[in-house]
Amino acid sequence: QVQLVESGGDSVQAGGSLRLSCVVSGYAFSSYCIGWFRQAPGKEREGVAQIDTRVGRPYYADSVKGRFTISIDDAKNAVYLQMSSLKSEDSAMYYCSAHLRVPGSNCPSMEDLSQFTDWGQGTQVTVSS
């Protein structure tokens with residue numbers, strides 16, 4: 001079973017930036033699709049960004065395109081989410097999660113949360129206007 005530990009959440013002003021980190025351990029890093037998800041109070045968990053660690057291909061939700069960047073550091077088994085131009089609606093608990101990719105397959109849609117079986121404990125992001 002893979003373990004994921006998030007960090008980097010904080011309280012910031014609207015327009016500010018944050019970088020979230022997710023350190024992954026327990027299995028071959030390049031076998032996974034790693035996603036960042038968020039959940040605000042009273043709302044469903046939603047996918048924000050995902051990266052195929054094998055080839056570094058990123059995927060983004062429309063709501064964050066152009067503002068968020070997902071990246072990986074293979075040496076540290078880490079996935080980062082650089083968030084810029086933050087808005088109050090970005091406030092949420094942010095989680096990273098892993099999907100163990102079947103060899104030869106692509107990463108699943110972020111809308112299908114059932115495909116992501118391992119989750120971190122989350123890190124809180126609060127954006128004040």
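## Exercises on disulfides, strand pairing and salt bridges

Both Asp52 and Arg101 are buried. The exercises below concern a predicted model.

**Exercise 1.** Determine which parts of the chain the salt bridge between Asp52 and Arg101 connects.

*Solution.* Begin with the contact: the closest N and O atoms of Asp52 and Arg101 are 2.9 Å apart. This distance satisfies the criterion, because a salt bridge requires a side-chain nitrogen of Lys or Arg within 4 Å of a carboxyl oxygen of Asp or Glu. Next, place the partners: Asp52 belongs to strand S5 (residues 46–52), whereas Arg101 lies in the loop between S9 and S10. The pair is 49 residues apart and thus links distant parts of the chain.

**Exercise 2.** Establish how the bonded cysteines are paired in sequence order, and assign the handedness of the link between Cys22 and Cys96.

*Solution.* Step one: the structure contains 2 disulfides. Step two: Cys22 and Cys96 form a disulfide with sulfur atoms 2.1 Å apart. Cys22 is in strand S3 (residues 18–25) and Cys96 in strand S9 (residues 92–100), 74 residues apart. Step three: Cys33 and Cys107 form a disulfide, with 2.0 Å between their sulfur atoms. Here Cys33 sits in strand S4 (residues 32–39), and Cys107 in the loop between S9 and strand S10 (118–119). Step four: numbered in sequence order, the bonded cysteines pair as 1-3, 2-4. Step five: the torsion about the S-S bond of Cys22 and Cys96 is about 70°, so this disulfide is right-handed. The link of Cys33 and Cys107, with -95° about the S-S bond, is left-handed.

**Exercise 3.** Classify Cys33 and Cys107 as buried or exposed.

*Solution.* The relevant cut-off for a buried residue is under 20% relative accessible area. Cys33 has a relative accessible area of 0% and is therefore buried. Cys107, at 12% relative accessibility, also counts as buried.

**Exercise 4.** Identify the covered face of strand S1 (residues 3–7) and the residue of S3 that stands opposite Glu6.

*Solution.* In a regular strand the side chains alternate between the two faces of the sheet. In S1, Leu4 and Glu6 make up the covered face, while Gln3, Val5 and Ser7 make up the uncovered one. S1 pairs with S3 in the antiparallel sense over 5 bridges. Within this pairing, Glu6 stands opposite Cys22.

**Exercise 5.** Compare the accessibility of Glu46 and Arg38.

*Solution.* The side chains of Glu46 and Arg38 meet in a salt bridge (2.7 Å, N to O). Glu46 counts as partly exposed at 35% relative accessibility, whereas Arg38 is buried at 6%.

Technical notes. Residues are numbered from 1 along each chain as its sequence is written. This is a predicted model: local features need pLDDT of at least 70, side-chain atom pairs count only at pLDDT 80 or more; totals for chains, interfaces and linings use all residues. Side-chain values use heavy atoms; hydrogens and water are left out. A disulfide is a pair of cysteine sulfur atoms within 2.5 Å. Helices (H or I, at least four residues) and strands (E, at least two) are DSSP runs, numbered from the N terminus. Buried means under 20% relative accessible area, exposed over 50%, partly exposed in between (1.4 Å probe, protein chains only). Two strands pair if DSSP finds at least two bridges between them.
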